[in-house]
Amino acid sequence: MNRKNIPLLLMLTAGAVTCIITYIKRYPVNVQLMALFAVLLLFYVLGSVLIWTIGYFEKQNEEKRGEEGEVIEKDSENPGQETEQEQVQE
């Protein structure tokens, strides 16, 4: 799923739930609209924070994988040198 759509889907779902609840409870229209605006704004911000957090953790995981990959590559690049050094020491 495309990450940029997560805040939008979260916001629209929360807005739909808010509309249904305020309609069932028979709030006046101006109160319904103010509640809807507040909920849409709040859940858009929360969705944006969620996307930022996911990206931050993914970046950390990629850096960690890259560091582990470099260590494995360094160990596998010079297996012959270790044996030559051991032979010289003997």
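Leu 8 is found in helix α1, and that makes a handy place to start a walk through this predicted model. The residue is neither tucked away nor fully out in the open: with a relative accessible area of 36%, Leu 8 counts as partly exposed, because it falls between the 20% and 50% cut-offs. Its C-alpha atom is separated by 7.6 Å from that of Gly 47, even though the two residues are 39 apart along the chain.

Stepping back, the overall layout is easy to describe. The protein has three helices and zero strands, so to speak an α-α-α run when read from the N terminus on. Not much of it is hidden from view: of the 90 residues, buried ones make up 12%.

Helix α1 takes up residues 6-24, and a quick ruler check works out nicely. At 1.5 Å a residue, its 19 residues should span 27 Å, and the C-alpha atoms at its ends are indeed 27 Å apart, so expectation and model agree. Which residues of α1 are buried? The list reads Ile 6, Pro 7, Met 11, Ala 14, Gly 15, Thr 18 and Thr 22. These cover an arc of only 155 degrees around the axis, which means that they sit on the same side of α1. There is a plain reason why such spacing can line residues up: an α-helix has 3.6 residues a turn, so those three or four places apart point the same way. Over on the other side of α1, the exposed residues are Leu 12, Ile 20, Tyr 23 and Ile 24.

Just after α1 comes a little oddity. Arg 26 takes a positive phi of about 60 degrees, and it does this although it is not a glycine. This arginine belongs to the loop between α1 and α2. Is Arg 26 buried or exposed? Its relative accessible area is 75%, over the 50% cut-off, so Arg 26 is exposed.

Helix α2 covers residues 29-77, and Leu 41 is part of it. At a relative accessible area of 48%, Leu 41 is partly exposed. Leu 41 also has company on the surface: together with Phe 37, Val 45 and Val 49 it forms a nonpolar patch, and the four add up to about 390 Å² of accessible area.

The aromatic rings deserve a look of their own. A pair of such rings is described by two things, the distance of the centres and the angle of the planes. How many aromatic pairs are there? The count comes to two. In one of them, the rings of Trp 52 and Tyr 56 have their centres 5.5 Å apart and their planes at 15 degrees; that angle is under 30 degrees, so the pair is stacked. Trp 52 and Tyr 56 both lie in helix α2, four residues apart, or about one turn of the helix. Tyr 56 also pairs with Phe 57, this time edge-to-face, at 5.8 Å centre to centre and with 65 degrees between the planes. Ring pairs thus link Trp 52, Tyr 56 and Phe 57 into a cluster.

How open are these three residues? Trp 52 is exposed, with a relative accessible area of 59%. Tyr 56, at 39% relative accessibility, counts as partly exposed, and so does Phe 57, at 48%.

Technical notes:
Residues numbered from 1 in each chain as written. Predicted model: local features only at pLDDT ≥ 70, side-chain atom pairs only at ≥ 80, totals over all residues. Heavy atoms only, no water. Helix = DSSP H or I, 4+ residues; strand = E, 2+ residues; numbered from the N terminus. Expected span 1.5 Å × (residues − 1). Buried < 20%, exposed > 50% of the residue type's maximum accessible area, 1.4 Å probe, protein only. Arc of directions from axis to C-beta. Patch = residues over 30% accessible without salt bridge, like charges linked within 9 Å, V, L, I, M, F, W, Y side chains within 5 Å. Areas by Shrake-Rupley, 256 points an atom, 1.4 Å probe, with all protein chains shown as cover. Salt bridge = Lys/Arg side-chain N within 4 Å of Asp/Glu carboxyl O. Phe/Tyr/Trp six-rings, centres within 6.5 Å; stacked < 30°, edge-to-face > 60°.
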